[in-house]
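Open the model in your viewer and keep the sequence panel beside it. This tour says what to select at each stop and what is there.

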Amino acid sequence: MAAPCLEDPSLERHFKGHRDAVTCVDFSLNTKQLASGSMDSCLMIWHMKPQSRAYRFAGHKDAVTSVNFSPSGHLLASGSRDKTVRIWIPNVKGESTVFRAHTATVRSVHFCSDGQSFVTASDDKTVKVWSTHRQKFLFSLSQHINWVRCARFSPDGRLIVSASDDKTVKLWDKTTRECVHSYCEHGGFVTYVDFHPSGTCIAAAGMDNTVKVWDVRTHRLLQHYQLHSAAVNALSFHPSGNYLLTASSDSTLKILDLMEGRLLYTLHGHQGPATAVAFSRTGEYFASGGSDEQVMVWKSNFDVADYGEVIKVHRPPATLATSSGNLPEVDYPVPAGRGRSQESVQSQPQEPISMPQTLTSTLEHIVGQLDVLTQGP
């Protein structure tokens with residue numbers, strides 16, 4: 001079988017409706033809906049089918065900072081500067097339940113993979129865990145000494161990772177509620193953090209223009225990228241675990257090949273800071289939001305069909321068949337003479353792209369990894 005052909009990502013759709021900077025984006029499970037939040041205090045739900053009317057949800061009294069669909073797609077959580085979290089039913093009625101969550105801005109909200117709980121992060125320096133259906137506060141994690149910008153559950157729900165303006169990323173054990181490790185390598189505020197789909201690594205974005213990837217088992221810094229010329233505001237892993245998408249105040253999105261440890265694409269679309277990014281659950285699309293009030297949907301085009309099929313056919317529950325549990329170690333500085341053109345929607349890749357393996361061996365490798373990934377400890 002020949003190696004799959006990689007095509008450039010393409011801009012598919014613009015969604016216009018927000019009246020201020022877009023702060024966050026997230027796709028529903030079936031990719032039929034895309035949610036976005038904005039400084040305009042509203043939540044929008046866009047329908048991926050052309051010509052479908054968007055839903056505008058008003059309820060928050062101040063900027064919406066975070067949106068996240070529940071794993072089933074039946075609920076949508078939002079966090080706000082009004083110190084509350086709302087859980088919405090994402091239909092035409094747009095009913096919501098309010099959680100008086102924190103004593104300061106809620107920066108982040110994220111559902112656990114079983115949908116039973118969600119985690120919030122706030123400027124009150126705490127991370128809090130809540131029961132979704134009992135609508136009940138469960139516990140606080142409070143070792144950060146400055147605003148907490150982001151908190152996420154691991155894919156198996158056993159760990160929580162948080163990023164803070166105290167320049168640390170903290171890893172927590174959900175059961176014991178202990179801080180397992182603090183990662184202190186960032187030179188500035190840490191804006192965003194998330195788990196690799198395998199659950200073995202985390203990636204964090206910083207105001208120091210860097211992206212760092214750590215192994216959560218050994219706590220080693222595996223990869224370090226300094227590719228943006230301004231703060232990195234958000235990131236998202238491709239479901240295969242092989243790619244990482246970043247959004248920066250330098251107005252660009254970048255796609256990194258984690259297996260090769262290099263930059264694949266620089267995408268220009270937003271006028272002004274790019275503030276939010278998210279891959280769809282299959283990786284076929286990704287969305288971006290910016291301070292230009294726009295939400296953009298891009299088609300990935302790179303080897304998605306192949307991974308999509310493998311994931312669908314071979315993936316056991318809550319485990320992703322990925323070979324990327326062990327990423328190569330990389331330290332990637334700023335490339336010399338990098339061009340930045342505002343006009344182009346996307347620039348050419350930095351260098352010729354070749355797939356690291358043929359499709360056949362990739363598939364064999366992924367399926368081979370299943371045995372390792374599905375065995376219990």
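Strands here are DSSP runs of E with at least two residues, numbered from the N terminus. With that numbering, glutamine 135 can be placed in the loop between strand 12 (127–131) and strand 13. The model you are looking at is predicted.

**The whole chain**

Show the chain as a cartoon. Its secondary structure comes to two helices and 29 strands. Of the 377 residues in the chain, 59% are buried. Colour the surface by element next: the accessible surface is about 15,300 Å², and carbon and sulfur atoms account for 49% of it. Among contacts with a separation of 6 or more, 50% are between residues 24 or more positions apart.

**Strands 2 and 3**

Select residues 22–27, which are strand 2. Is this strand enclosed or not? Five of its six residues are buried, so strand 2 is largely enclosed by the rest of the structure. Now add strand 3, residues 33–38. The two strands run antiparallel and are joined by five bridges. Pick cysteine 24 to see one pairing: its bridge partner in strand 3 is glycine 37. Strands 2 and 3 form a hairpin with five residues between them. In that turn, threonine 31 has a positive phi of about 65°.

Move on to serine 41, in the loop between strand 3 and strand 4 (42–47). Serine 41 also has a positive phi, about 75°, although it is not a glycine. Most residues other than glycine have a negative phi. Is serine 41 buried or exposed? Its relative accessible area is 16%, and because buried means under 20%, serine 41 counts as buried.

**The sheet of strands 10 to 13**

Select residues 106–141 and look for an open sheet of four strands. Their order is 10-11-12-13, and the pairing is antiparallel. Which strands stand at the edges? They are strand 10 (106–111) and strand 13 (136–141). Each has a single partner strand, so one side of each is left without a neighbour in the sheet. Neighbouring strands of this sheet are turned by 20° against each other on average, direction ignored.

Zoom in on strands 10 and 11, the second of which covers residues 117–122. Five bridges join this antiparallel pair. One pairing to display is serine 108 with alanine 121, its bridge partner in strand 11. Strands of a sheet pair through backbone hydrogen bonds.

Go back to glutamine 135, in the loop before strand 13. Glutamine 135 has a positive phi of about 50° and is not a glycine. Its relative accessibility is 46%, so glutamine 135 counts as partly exposed.

**Aromatic rings**

Show the side chains of Phe, Tyr and Trp. The aromatic pairs number 11. One of them is phenylalanine 111 with phenylalanine 118, an edge-to-face pair with 6.0 Å between the ring centres and 65° between the planes. Phenylalanine 111 is buried, at 4% relative accessible area, and phenylalanine 118 is buried too, at 0%.

Then select phenylalanine 286 and tryptophan 298. Their ring centres are 5.9 Å apart and their planes are at 10°, so this pair is stacked. The pair links distant parts of the chain, with phenylalanine 286 in strand 27 (residues 285–290) and tryptophan 298 in strand 28 (residues 294–299), 12 residues apart. Both phenylalanine 286 and tryptophan 298 are buried.

In the same view, pick lysine 299 and tyrosine 285. Lysine 299 lies over the face of tyrosine 285, at 5.7 Å from the ring centre.

Which residues do ring pairs link into a cluster? Select Phe99, Phe111, Phe118, Trp130 and Phe137 to see them.

**Two loops with distant partners**

Select aspartate 156, in the loop between strand 14 (148–153) and strand 15 (159–164). With 42% relative accessibility, aspartate 156 counts as partly exposed. Draw a distance from its C-alpha atom to that of cysteine 112: the separation is 8.2 Å, while the two residues are 44 residues apart along the chain.

End at threonine 282, in the loop between strand 26 (274–279) and strand 27. Threonine 282 is partly exposed, with a relative accessible area of 36%. Draw one more distance, to leucine 29. The two residues are 253 residues apart in sequence and 8.5 Å apart in space, C-alpha to C-alpha.

Conventions:
Residues are numbered from 1 along each chain as its sequence is written. This is a predicted model: local features need pLDDT of at least 70, side-chain atom pairs count only at pLDDT 80 or more; totals for chains, interfaces and linings use all residues. Side-chain values use heavy atoms; hydrogens and water are left out. Rings of Phe, Tyr and Trp (its six-membered ring) pair if their centres lie within 6.5 Å; planes under 30 degrees apart count as stacked, over 60 as edge-to-face and the rest as tilted. Buried means under 20% relative accessible area, exposed over 50%, partly exposed in between (1.4 Å probe, protein chains only). A charge sits over a ring if NZ of Lys or CZ of Arg is within 6 Å of the ring centre and within 35 degrees of the ring normal. Contact means heavy atoms within 4.5 Å. Accessible areas come from the Shrake-Rupley method with a 1.4 Å probe; for residues, only the protein chains shown count as cover. Two strands pair if DSSP finds at least two bridges between them. Axes are lines fitted to C-alpha atoms, for helices over the stretch in contact, and angles run from 0 to 180 degrees between N-to-C directions.
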